[in-house]
Amino acid sequence: MPNQIAISEVAAGFRFLLTETFESVQGAYLDPGTSLFETLAEISAAQASQPMGNCATIAAHVAHTRYYLEVLEDRMFGRDLSYVNWEQIWDEVSAVNDAEWEAQIADLKATYERIKGHLDNADEWQGITELSSMLGIIAHSAYHLGEIRQMMCHWES
């Protein structure tokens with residue numbers, strides 16, 4: 001019989017990487033102070049609304065990241081995905097005011113906390129869909145964190 005890893009260990013690994021990506025560096029791949037929520041705390045609504053050439057704004061990246069988490073959460077649990085429209089966020093979100101920016105970050109945090117909470121019930125997962133969805137959430141969110149941090153490099157001092 002091949003070696004098998006307990007789902008609780010897999011969930012602990014996912015939690016470690018989610019925490020690294022969203023909350024605080026755990027020593028996996030980010031520099032201290034560069035997690036997503038730490039990064040967003042440094043960004044004003046005006047900065048989040050700055051277009052970078054033909055690229056989306058930081059506000060759009062944040063909205064897309066929250067949407068992606070929700071879609072992958074629905075995928076994890078076999079829910080209907082007919083509503084998915086990947087272009088909608090990019091078409092609708094650009095500039096935000098202070099209240100909208102705060103609400104975007106709060107919505108992302110709430111969605112993230114809900115996703116992280118699913119790890120508490122990982123022993124009930126059925127298999128590949130849950131595992132691949134969680135891996136997708138980690139990888140895709142880290143990608144958008146990188147995009148946001150690169151956009152910050154282009155701001156004038």
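Which residues does threonine 34 touch, not counting residues up to four places away in sequence? The list is Val25, Thr39, Leu145 and Arg149, where contact means heavy atoms within 4.5 Å. Threonine 34 sits in the loop between α1 and α2. With a relative accessible area of 11%, threonine 34 is buried; the cut-offs are under 20% relative accessible area for buried, over 50% for exposed, and partly exposed in between, with a 1.4 Å probe and protein chains only. Histidine 118 is 84 residues from threonine 34 in sequence, and the two are 24 Å apart in space, C-alpha to C-alpha.

A word on the model itself. This is a predicted model, in which local features need pLDDT of at least 70 and side-chain atom pairs count only at pLDDT 80 or more, while totals for chains, interfaces and linings use all residues. Residues are numbered from 1 along each chain as its sequence is written, and side-chain values use heavy atoms, with hydrogens and water left out.

Now the overall fold. The protein has seven helices and zero strands, and its elements run α-α-α-α-α-α-α from the N terminus on. Helices (H or I, at least four residues) and strands (E, at least two) are DSSP runs, numbered from the N terminus. The radius of gyration is 16 Å, which agrees with the value near 15 Å for a compact globule of 157 residues; it is taken over C-alpha atoms, and the globule rule is 2.2 Å times the number of residues to the power 0.38. Along its principal axes, the C-alpha trace spans about 60 × 40 × 25 Å. Of the 157 residues, 42% are buried. Among contacts with a separation of 6 or more, 69% come from residues 24 or more positions apart.

As for the surface, the protein exposes about 8600 Å², and carbon and sulfur atoms supply 51% of that area. Accessible areas come from the Shrake-Rupley method with a 1.4 Å probe, and for residues only the protein chains shown count as cover. On the charge side, there are 8 positive and 24 negative side chains, and the centres of the two sets lie 4 Å apart. Lys and Arg count as positive and Asp and Glu as negative, with His and the chain ends not counted; each charge is placed at NZ of Lys, CZ of Arg, CG of Asp or CD of Glu.

Next comes helix α7 (residues 128-152). Its 25 residues should span 36 Å at 1.5 Å a residue, and its end C-alpha atoms are indeed 36 Å apart; the expected span of a helix is 1.5 Å times one less than its number of residues. Buried residues of α7 include Met134, Ile137, Ile138, Leu145 and Ile148, along with polar ones such as Glu130 and His144. The buried residues of α7 pack against α1 (7-22), α2 (36-40), α4 (58-76), α5 (86-92) and α6 (98-118).

Helix α1 passes the span check too: 16 residues should cover 22 Å, and its end C-alpha atoms are 22 Å apart. Its buried residues are Ala11, Phe14, Leu18, Thr19, Glu20, Thr21 and Phe22, and they pack against α2, α4, α6 and α7. Valine 10 is also in helix α1, but at 21% relative accessibility it counts as partly exposed. Leaving out residues up to four places away in sequence, valine 10 touches Ile5 and Leu131.

Helix α6 supplies two residues to look at. Glutamate 113 is in α6 and is partly exposed, with a relative accessible area of 42%. Its C-alpha atom is separated by 10.0 Å from that of phenylalanine 22, 91 residues apart along the chain, and by 18 Å from that of valine 10, 103 residues apart along the chain. Aspartate 98, also in α6, is exposed, with a relative accessible area of 55%. Aspartate 98 and tyrosine 29 are 69 residues apart in sequence and 31 Å apart in space, C-alpha to C-alpha.

Finally, there is arginine 66 in helix α4. Buried or exposed? Arginine 66 is buried, with a relative accessible area of 19%. Its contacts, leaving aside neighbours within four places in sequence, are Ile89, Asp107, Leu108 and Thr111.
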